[in-house]
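Ready for some practice in reading a protein structure? Take a look at the sequence and the model, then work through the exercises below at your own pace.

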Amino acid sequence: MHSELPAASIVRRLGDSPRQRGSLTAESCPDLFELSDGSFAVIGTDRTEELDGLLPADAARADYERIVVITRDTLLRAKRDIPDE
């Protein structure tokens, strides 16, 4: 975690739990959470090494940031819980 970021707590899950999406093991559990500071936390597969060199020219990643991938199903099921503003 970046040392300049304020502490935040998890307020709620966005979308269905991994079990509701059919994950019966701990092997595939992408998840999305809203945090108390208004930001979002993502549990996904770290694919930074694979995708870093493929980022568009106008995209950047700080050393402490990772490129995390979640399934399409995870994001689509979370859509109803993502605020418009």
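Three exercises with worked solutions follow.

This is a predicted model, in which local features need pLDDT of at least 70, side-chain atom pairs count only at pLDDT 80 or more, and totals for chains, interfaces and linings use all residues. Residues are numbered from 1 along each chain as its sequence is written, and side-chain values use heavy atoms, with hydrogens and water left out.

**Exercise 1. Take stock of the chain**

Find out how many helices and strands the protein chain has, and in which order its elements run.

Step 1. Start with the count: there are 2 helices and 5 strands in the protein chain. Both are DSSP runs numbered from the N terminus (helices are H or I with at least four residues, strands are E with at least two).

Step 2. Now walk along from the N terminus, and you meet the elements as β-β-β-β-α-β-α.

Step 3. For the overall dimensions, the C-alpha trace spans about 35 × 30 × 25 Å along its principal axes.

**Exercise 2. Build the sheet**

Work out in which order E1, E2 and E3 stand in their sheet, and which residues face each other.

Step 1. Begin with E1 and E2: they run antiparallel and are joined by 3 bridges. Two strands count as paired if DSSP finds at least two bridges between them. Across this pairing, Arg12 stands opposite Glu34, and Arg13 stands opposite Phe33.

Step 2. Next, strand E2 (residues 31-35) pairs with strand E3 (residues 40-43), also in the antiparallel sense, over 4 bridges. Here Glu34 lies opposite Phe40, and Leu32 lies opposite Val42.

Step 3. Look at the link between E2 and E3: the two form a hairpin with 4 residues between them, and Gly38 in the turn has a positive phi of about 90 degrees.

Step 4. Put it together: the 3 strands make an open, antiparallel sheet in the order E1-E2-E3. E1 (10-13) and E3 are at the edges with a single partner strand each, so one side of each has no neighbour in the sheet.

**Exercise 3. Check the burial of E2**

Decide whether the residues of E2 are buried or exposed.

Step 1. Fix the terms: buried means under 20% relative accessible area, exposed over 50%, and partly exposed in between (1.4 Å probe, protein chains only).

Step 2. Inspect each face of E2: Asp31, Phe33 and Leu35 are buried on one side, and Leu32 and Glu34 are buried on the other.

Step 3. Conclude: 5 of the 5 residues of E2 are buried, so E2 is largely enclosed by the rest of the structure. For the whole chain, buried residues make up 22% of the 85 residues.
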